[in-house]
2 protein chains.
Amino acid sequence: MPKQATQDIETRIAALLKRCDLSVTESRRKILHLFLEQPGALAHGDIERKAGEKFDRVTVYRTLQAFVEKGIIHTIPTADNSIRYALCKDECSGGHHHDHHVHFVCSQCDNTYCLDDVVTPDIKLPKGYQAEHVEVVVEGVCKNCKG
Amino acid sequence: MPKQATQDIETRIAALLKRCDLSVTESRRKILHLFLEQPGALAHGDIERKAGEKFDRVTVYRTLQAFVEKGIIHTIPTADNSIRYALCKDECSGGHHHDHHVHFVCSQCDNTYCLDDVVTPDIKLPKGYQAEHVEVVVEGVCKNCKG
DNA sequence: ATGAAAAGGCAACATAGTTGCAAAATCTTA
DNA sequence: TAAGATTTTGCAACTATGTTGCCTTTTCAT
């Protein structure tokens with residue numbers, strides 16, 4: 001990879017952090033890198049394994065928490081009780097989330113993807129219930145695993 | 001409450017357990033009772049708190065696990081990483097689940113409800129993705145909290 | 001009533017997540 | 001760019017959550 005490109009990524013990461021009022025530290029850059037390198041979502045465990053040799057567990061927790069608060073990443077609910085995080089699209093970073101897309105979990109490779117172009121449907125609820133937010137997680141076979 | 005009714009519930013609980021090839025024990029009866037007494041879903045923590053004085057933590061885990069395997073209860077994914085369980089409708093107990101309904105989490109009272117009559121919508125996925133199961137969780141204000 | 005089989009309790013362990021505090025890194029501004 | 005204020009980190013200790021093996025108790029079938 002050309003040095004130019006790497007430089008660009010570092011610059012973009014730093015800019016993103018500053019825009020979010022977060023100081024630019026090694027752990028934050030490293031963890032953001034993990035997300036950028038990877039198309040799917042990351043479980044906390046993944047991140048800890050990949051960044052954990054260099055950083056303390058507590059730092060990983062606090063970093064992810066800060067990223068969620070600032071709208072850099074969002075959480076994806078799963079049935080197996082393992083929180084997964086994925087990068088928000090740029091519009092989120094402003095402050096409030098626009099997290100209206102569908103998530104997809106592959107039952108074969110276990111990767112989780114944000115289907116940014118698939119918006120969550122309106123759900124018709126029984127009388128008396130008032131919807132504020134709809135979460136949709138589809139389980140199935142992803143593009144790569146479908147032979 | 002008349003003795004008759006209580007007797008009936010106990011009988012139904014015992015019958016359900018037997019139908020599922022589970023021996024009728026005190027902890028299983030107690031935990032099933034908790035679900036029947038309550039309209040919404042129960043988090044593991046709730047159950048442990050309510051049944052935990054009488055039963056060991058491990059027993060609660062194993063009981064819930066057995067119930068899920070037999071299709072007596074099902075799990076509901078949540079964003080806050082706390083597994084919630086709810087009774088399946090009778091048809092589930094046969095063996096395979098018919099868990100195609102929408103779940104509702106109240107942001108005020110934090111109760112979780114199965115909206116048994118609201119079926120999960122079809123989601124149109126990008127080319128290459130193949131859906132097997134769709135999970136929908138709606139967050140909002142429930143019937144009781146909506147003033 | 002009795003013995004086989006299943007379930008429960010206990011202990012010990014593994015993993016996940018939190019908190020307070022002192023040390024280190026980052027940022028500000030002069 | 002050096003110095004001080006501020007933020008972040010690492011460490012230690014702790015709570016909570018979940019798992020496993022083994023022995024005792026309960027349940028069930030006869």
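**Exercise 1. How much area do chain B and chain A bury between them, and what share of it is on carbon and sulfur atoms?**

Before the solution, two notes on the model. This is a predicted model, in which local features need pLDDT of at least 70 and side-chain atom pairs count only at pLDDT 80 or more, while totals for chains, interfaces and linings use all residues. Residues are numbered from 1 along each chain as its sequence is written, chains are lettered from A in the order in which they are written, and side-chain values use heavy atoms, with hydrogens and water left out.

Step 1. Buried area is the accessible area (1.4 Å probe) that two parts lose on being put together, summed over both. For chain B and chain A the value is about 3000 Å², with 62% of it on carbon and sulfur atoms.

Step 2. On the side of chain B, the residues that lose the most area to chain A are B:N81, B:Y129 and B:Q130, together 19% of what that side buries.

Step 3. Counting by contact (heavy atoms within 4.5 Å), chain B gives 35 residues and chain A gives 35 residues.

**Exercise 2. Describe the polar and charged links across the interface, and then the side that chain B contributes.**

Step 1. A salt bridge is a side-chain nitrogen of Lys or Arg within 4 Å of a carboxyl oxygen of Asp or Glu. Across the interface of chain B and chain A there are 0 of these.

Step 2. A polar contact is a pair of N or O atoms within 3.5 Å; within protein, one must be able to donate a hydrogen and the other to accept it, and residues adjacent in sequence count only if both atoms are side-chain atoms. The interface has 10 residue pairs in polar contact, both residues at pLDDT 80 or more.

Step 3. Strands are DSSP runs of E, at least two residues, and helices are runs of H or I, at least four, numbered from the N terminus. The elements of chain B that give two or more residues to the side touching chain A are β4 (101-106), β5 (112-119) and β6 (130-141). The largest share, 12 residues, comes from β6(B).

**Exercise 3. Which strand of chain A is joined to β6(B), and in which sense do the two run?**

Step 1. Two strands pair if DSSP finds at least two bridges between them. Strand β6 (residues 130-141) of chain A is joined to β6(B) by 11 bridges, and the two run antiparallel.

Step 2. One of the partners can be named: A:V134 is matched with B:V138 in β6(B).

**Exercise 4. Why does the aromatic pair of A:Y113 and B:Y129 join two chains?**

Step 1. Rings of Phe, Tyr and Trp (its six-membered ring) pair if their centres lie within 6.5 Å; planes under 30 degrees apart count as stacked, over 60 as edge-to-face and the rest as tilted. Over all chains the count is 4 aromatic pairs.

Step 2. A:Y113 and B:Y129 are edge-to-face, at 6.1 Å centre to centre and 70 degrees between the planes.

Step 3. A:Y113 lies in strand β5 (residues 112-119) of chain A and B:Y129 in the loop between β5 and β6 of chain B, so the pair joins two chains.

**Exercise 5. Which parts of chain A does the salt bridge of A:E26 and A:K54 tie together?**

Step 1. Over all chains there are 9 salt bridges. In one of them the side chains of A:E26 and A:K54 meet at 2.5 Å, N to O.

Step 2. A:E26 lies in helix α2 (residues 26-36) of chain A and A:K54 in the loop between α3 (44-51) and α4 (57-70) of chain A, so the pair ties together parts that are 28 residues apart in sequence.
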